[in-house]
Amino acid sequence: TLTGHNLVGPVMVKAKSKDVRLTEVTDSINLDIDRGDVELRQGKTAPKIDVRISSGDIELALPPQSKFTLNATTRRGEITNDFDQRLKMEKENNGATLAGTLGAGPEIKLSTGRGSLTLIKTAPGEAVVVEAPEPPKPSKPSIPAAPPRADNQ
């Protein structure tokens, strides 16, 4: 899993198998992943985003006032739009597309071959939280130092 918070972009990731979780990226995001899930959360603004996954889910959370042009596609999966009903959804065979423009803003392209797409709003004033990774476990238990020996024995 690749996790990042408050990143100054552009952020580019190309991987065969990787889950990606990014929050508060200040510039463009470009992800090209064969297998894995992607979660992107922006609390302030929407950067230019281009995500391509062969197999995996994509979740994008943006602030309610975001302005952008969206083109989202899943060839085999479902799309959930909890952001704005002005974005138009069309079902196609086993997949769907969600597209539209909400004001002048960056282009957002999301594509998954097999997986779901979810577009949601971050709540007003919501703190974007990234789970901290677990601290590494010590490889050996620590052994206390032996007490100093008295020379009068």
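**Strand architecture, nonpolar core and selected contacts**

Thr23 is buried, its relative accessible area being 1%. This value, like the others reported here, derives from a predicted model. Thr23 belongs to strand β3, which spans residues 20-25. The side chain of Thr23 is joined to that of His5 by a polar contact of 2.4 Å. In sequence, Thr23 and Ala61 are separated by 38 residues, while their C-alpha atoms lie 9.3 Å apart in space.

The secondary structure of the chain comprises 13 strands and 0 helices. Read along the sequence, the elements accordingly follow the pattern β-β-β-β-β-β-β-β-β-β-β-β-β. Among contacts in the chain with a separation of 6 or more, 45% are made by residues 24 or more positions apart. Of the 153 residues in the chain, 37% count as buried. The accessible surface of the chain amounts to about 9,700 Å², and carbon and sulfur atoms contribute 50% of this area.

The largest nonpolar core contains 31 residues. Within this core, the members that touch the most other members are Leu31, Leu40, Val51, Leu70, Ile108 and Leu110. The surroundings of Leu40 were examined further, with neighbours within four places in sequence left aside. On this basis, Leu40 is in contact with Leu22, Ile29, Leu31, Ile49, Val51, Glu59, Leu60 and Ala61. Two of these partners, Leu31 and Val51, are also listed with Leu40 among the core members that touch the most others. Ala61, a contact partner of Leu40, is the residue whose C-alpha atom lies 9.3 Å from that of Thr23.

A second threonine, Thr97, is found in strand β11, which covers residues 95-102. With a relative accessible area of 15%, Thr97 counts as buried because this value falls under the 20% cut-off. When neighbours within four places in sequence are left aside, the contacts of Thr97 are with Ala72, Thr73, Ile79, Lys88, Met89, Glu90 and Glu92.

Interactions involving aromatic rings were also considered. A search of the whole structure identified 1 aromatic pair. In addition, Lys121 lies over the face of Phe83, at a distance of 5.8 Å from the ring centre.

How values were computed:
Residues numbered from 1 in each chain as written. Predicted model: local features only at pLDDT ≥ 70, side-chain atom pairs only at ≥ 80, totals over all residues. Heavy atoms only, no water. Phe/Tyr/Trp six-rings, centres within 6.5 Å; stacked < 30°, edge-to-face > 60°. Lys NZ or Arg CZ within 6 Å of the ring centre and 35° of its normal. Core = buried A, V, L, I, M, F, W, Y, C linked by side-chain atoms within 4.5 Å. Buried < 20%, exposed > 50% of the residue type's maximum accessible area, 1.4 Å probe, protein only. Contact = heavy atoms within 4.5 Å. Helix = DSSP H or I, 4+ residues; strand = E, 2+ residues; numbered from the N terminus. Areas by Shrake-Rupley, 256 points an atom, 1.4 Å probe, with all protein chains shown as cover. Polar contact = N/O pair within 3.5 Å; in protein donor to acceptor, adjacent residues only side chain to side chain.
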